[in-house]
Amino acid sequence: GGKMVYMGDTSKAIPYFEQFGYNKPDLVNPADFLMDIISGVARPDDPQNYDNGGVPDLTQKWIDQDKKAYPMKINPDFYFMDHLIKDNAKYQPRKK
């Protein structure tokens, strides 16, 4: 399966990848350029900033970015449903 490298507004996709050194050339379709980035065809303008053969680990960058933007929170309201959990200890299979 694939790995997530970006999720969000389409209008913010190009600026998101620009922060890693990917600059869209003029007259290039933005969707094609994004596909080139995630498939590894496009390279950042300044590749020596990254250890992975001059290419940033986009999956890890997204994980790091996502943690900053959406820190994990546990909603305490879900605990009110504890009483709805059924005790299946007395379950008897149906006879055929």
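1. A residue is called buried when its relative accessible area is under 20%, exposed when that area is over 50%, and partly exposed in between. With this scale in mind, Lys12 counts as exposed, because its relative accessibility is 51%. Asp9, with a relative accessible area of 44%, is partly exposed. These two residues belong together, since Lys12 forms a salt bridge with Asp9 in which the closest N and O atoms are 3.6 Å apart, and a search of the whole structure finds one salt bridge.

2. Before going further, please keep in mind that this is a predicted model. The average pLDDT of the protein is 78, and 67% of the residues score at least 70. Among the elements, α2 has the highest mean pLDDT, at 93, while α3 has the lowest, at 77.

3. As for the overall build, the protein has three helices and zero strands, and the order of elements from the N terminus is α-α-α. Of its 96 residues, 19% count as buried. The accessible surface comes to about 8,400 Å², and 55% of that surface belongs to carbon and sulfur atoms. If one takes the contacts with a separation of 6 or more, 40% of them are made by residues 24 or more positions apart.

4. The aromatic residues deserve a paragraph of their own, as the structure holds six aromatic pairs. In one of them, the rings of Tyr6 and Tyr16 have their centres 5.1 Å apart and their planes at 45°, so the pair is tilted. Tyr6 lies in the segment before α1 whereas Tyr16 lies in helix α1, so this pair ties together parts that are ten residues apart in sequence. Tyr6 is partly exposed, with a relative accessible area of 22%, while Tyr16, at 7% relative accessibility, counts as buried.

5. Tyr16 also forms an aromatic pair with Trp62, and this one is edge-to-face, with 5.6 Å from centre to centre and 80° between the planes. The pair links distant parts of the chain, for Tyr16 is in helix α1 and Trp62 is in helix α3 (residues 58-69), 46 residues apart. Trp62 counts as buried, because its relative accessibility is 10%. When the aromatic residues are viewed together, Tyr6, Tyr16, Phe17, Phe20 and Trp62 form one cluster.

6. Which residues does Lys24 touch, leaving aside its neighbours within four places in sequence? Lys24 is in contact with Ile14, Pro30 and Phe33, once those neighbours are left aside. Lys24 itself lies in the loop between α1 and α2, and it counts as partly exposed at 30% relative accessibility. A polar atom of the Lys24 side chain lies 3.2 Å from the backbone oxygen of Val28. In addition, the C-alpha atoms of Lys24 and Pro44, which are 20 residues apart along the chain, are separated by 10.0 Å.

7. A second residue to inspect in the loop between α1 (13-18) and α2 (30-39) is Leu27. Although Leu27 is not a glycine, it has a positive phi of about 65°. Is the residue Leu27 buried or exposed? Leu27 is exposed, because its relative accessible area is 88%.

8. The two ends of α2 can be examined in turn. Asn29 caps the N-terminal end of α2, where a side-chain oxygen of Asn29 lies 2.8 Å from the backbone nitrogen of Ala31. Just after α2, Gly40 takes a positive phi of about 90°. Within helix α2 one finds Asp36, which is partly exposed, with a relative accessible area of 29%. Leaving aside its neighbours within four places in sequence, Asp36 is in contact with Val41 and Ala42.

9. When you look along any of the helices, a general point may help: an α-helix has 3.6 residues a turn, so residues three or four places apart point the same way.

Technical notes:
Residues numbered from 1 in each chain as written. Heavy atoms only, no water. Salt bridge = Lys/Arg side-chain N within 4 Å of Asp/Glu carboxyl O. Buried < 20%, exposed > 50% of the residue type's maximum accessible area, 1.4 Å probe, protein only. Helix = DSSP H or I, 4+ residues; strand = E, 2+ residues; numbered from the N terminus. Contact = heavy atoms within 4.5 Å. Areas by Shrake-Rupley, 256 points an atom, 1.4 Å probe, with all protein chains shown as cover. Polar contact = N/O pair within 3.5 Å; in protein donor to acceptor, adjacent residues only side chain to side chain. Phe/Tyr/Trp six-rings, centres within 6.5 Å; stacked < 30°, edge-to-face > 60°. pLDDT = per-residue confidence, 0-100.
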